Amino acid sequence: MLQTVHPARTRPGAGFATGAVLTALLLGSVVVAVGIGSVHVPAGDVIDVVRGRLGLPAEGVTVIDDRIVWQLRMPRVVGAAATGAGLAIAGAVLQSLTRNDLADPYLLGVSGGATVGAVSVIVLGVSVAGLVGGAALGAGAFVGALVALALVLMLATGRAGDLPPARTVLAGVAIGQLCAAYTSFVVMISGDHDSARRVLAWTMGSLAGVRWQSATILLVVALGALVGIIAYAADLDAFAFGDASASSLGVSIQRVRWLLMVGTALLTACLVAYTGAIGFVGLVVPHVVRLVAGPLHRRLLPLSALAGAVLLIWADTAARSLLDGQEVPIGVVTAVFGAPLFAFLLRRESRSR
Amino acid sequence: MSILAKDVTWGVGERAIIQDITLDCPEGTVTGLLGPNGSGKTSLLHVMAGLRRPRGGVVELAGADVHRMPARDRARRIALLEQHASTTLPLTARHVVDLGRIPHRGRWPAGRGEGAVEITEAMRLAAVTHLADRDWRTLSGGERQRVQLARALAQRPSVLMLDEPTNHLDLAHQIDLLATVRELGLTVVAALHDLDLAAAFCDLLVVLRGGRVVTAGPPAEVLTERLVRDVYRVEATVGKHERSGRLHVVWHDERAVR
């Protein structure tokens, strides 16, 4: 008798178990991370505040606890989770579409363009739609990211309206260099010491400015993108052996590539507008998840989102609590903690083969 | 299902790669595409499989235009085995075969167990069941080819397009693969280099040169010493093997005609 082979499942339930562990880790991280700060709030009190806010019976919630937990820290933690999830899925999608392990969410010039926008606002005081302060910075970054994206797409698009991955990557590099040149020039010529510092801080990313309004937007954008992209999980799997193979499996390769490349670039532009260009998460999280749960996207995408969310919650918690009275740029934290972890996993994988 | 190419022309930029090719493959037959490197075999297979839209002409699958079909419908009927398949991803052989079910699945991951029977059957037919949990990248060339065949069979196609399917295979596996494919009773179009194998396993041979059809017909009519000289520029003797009754081509002194 034939033994029925489970389709694409080496260890039945492995993805599910990883998902359950990561979900528990995410919820636990939110509760614990919200408690950490200059005033420590025990996990029980955090849960009481959240229960109270959700209209559930909660006892002994003080006004000060509610203010610290719900008004100050929770939006920042939620924003970090949403940003981490969004960056991780954007990286996973772009790595698959370009079949390039080094692809990250900023592949299509989004971070370079956003930095140009941010620099223009910080150093040159360009105003965007009459906005001021942090809102102007976000709007400038978003507009810059969109302009750079449009330029990359114009350069990369072939005669037949296709979007060849190799040329797209190179167009992204070219526009990125151009943006970097503009940024350096403007900072050198017009920037004083303070604005140079602000530009540097912006390029390393920060969630310090995230309030409930922006956290809600980040959450809606990240969840929407996740659901929309999971619908294309099988199409992304089909790209494993390249375009011809994907096409022979019934994938409309040009339509899918355009949709997902532009979609993830817009997702990234939204995230960057609120948090700056946080590196490493989108590059590394999908690789780590692939090592643990395999490369199939119906597992990879949701698990990357969860892992990215957990990673960025802790990175941001470290960023705001490592130094007294000063924030560490979150990009520094993600790299310092992420790189050794990644190196460890790579070594382990190379030994197991 | 029968597949028919009518006056098909396709090219890159100004250059035509294949020109005015007409090819009729009745249901259940095996058609061999022969011709030197660069004669347009792969391009013709890709156009007939619906991957490239022809500049002129039409490809019909049981009377329906292949290039007007929704891509998913097309992929449920035509499967393609590529000449070179490569991936950087750590896919197991079973993952690879599982890809063949993509055209049959919905967009949402509800039907994850879908296709278990088809996958098991395809892996048995291609004799790769024992490789199921191996990383595809660690397989030998021949094993990879058979796993890709299993993936194509998991699509449950009516038409199978094979691009040099016996590349990398040893003699026993070459015969095995072509015999397996023949026994399935599918309509098969295969680009082949080995003339003896082509003669043994094909109902119809089509010879291409410079993107055009030179000749077409049953192997005994097509495979002649003159054809081998004209198309491949190799001097050869075409004979009939006494015990098997099969055609065989023996080349000699190939430089004499260069």
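**Chain B: its contact side and its sheet**

Mentor: In this predicted model, 38 residues of chain B are in contact with 28 residues of chain A.

Trainee: What makes two residues count as in contact?

Mentor: Their C-beta atoms, placed from the backbone, must lie within 7 Å. The 38 residues of chain B and 28 residues of chain A meet that cut-off.

Trainee: Which elements of chain B give two or more residues to the side that touches chain A?

Mentor: Helix 2 (71-77), strand 6, helix 3 (93-99) and helix 4 (116-125) of chain B. Helix 4 gives the most, with 5 residues.

Trainee: How do the residues on that side of chain B divide?

Mentor: Into 19 nonpolar, 9 polar and 10 charged. Gly counts as polar here.

Trainee: Now the sheet. In what order do the 6 strands of chain B stand?

Mentor: The order is 6-7-8-3-9-10, in an open sheet with mixed pairing.

Trainee: Why do strand 6 and strand 10 of chain B count as edges?

Mentor: Strand 6 (78-81) and strand 10 (212-217) each have a single partner strand, so one side of each is left without a neighbour in the sheet. From one strand to the next, the twist averages 15°.

Trainee: How do you know that strand 9 and strand 10 of chain B pair?

Mentor: Pairing takes at least two bridges. Strand 9 (residues 204-209) and strand 10 of chain B have 5, in the antiparallel sense. Therefore they qualify as a pair. B:R209 has B:R212 of strand 10 as its bridge partner.

Trainee: Which strands of chain B does helix 1 lie across?

Mentor: Helix 1 (residues 41-48) lies across strand 3 (30-34), strand 6, strand 7 (159-163), strand 8 (187-191) and strand 9 of chain B. Helix 1 runs at about 150° to strand 8 of chain B.

Definitions and conventions
Residues numbered from 1 in each chain as written. Chains lettered and ligands numbered in written order. Predicted model: local features only at pLDDT ≥ 70, side-chain atom pairs only at ≥ 80, totals over all residues. Helix = DSSP H or I, 4+ residues; strand = E, 2+ residues; numbered from the N terminus. Axes fitted to C-alpha atoms, helices over the stretch in contact; angles between N-to-C directions.
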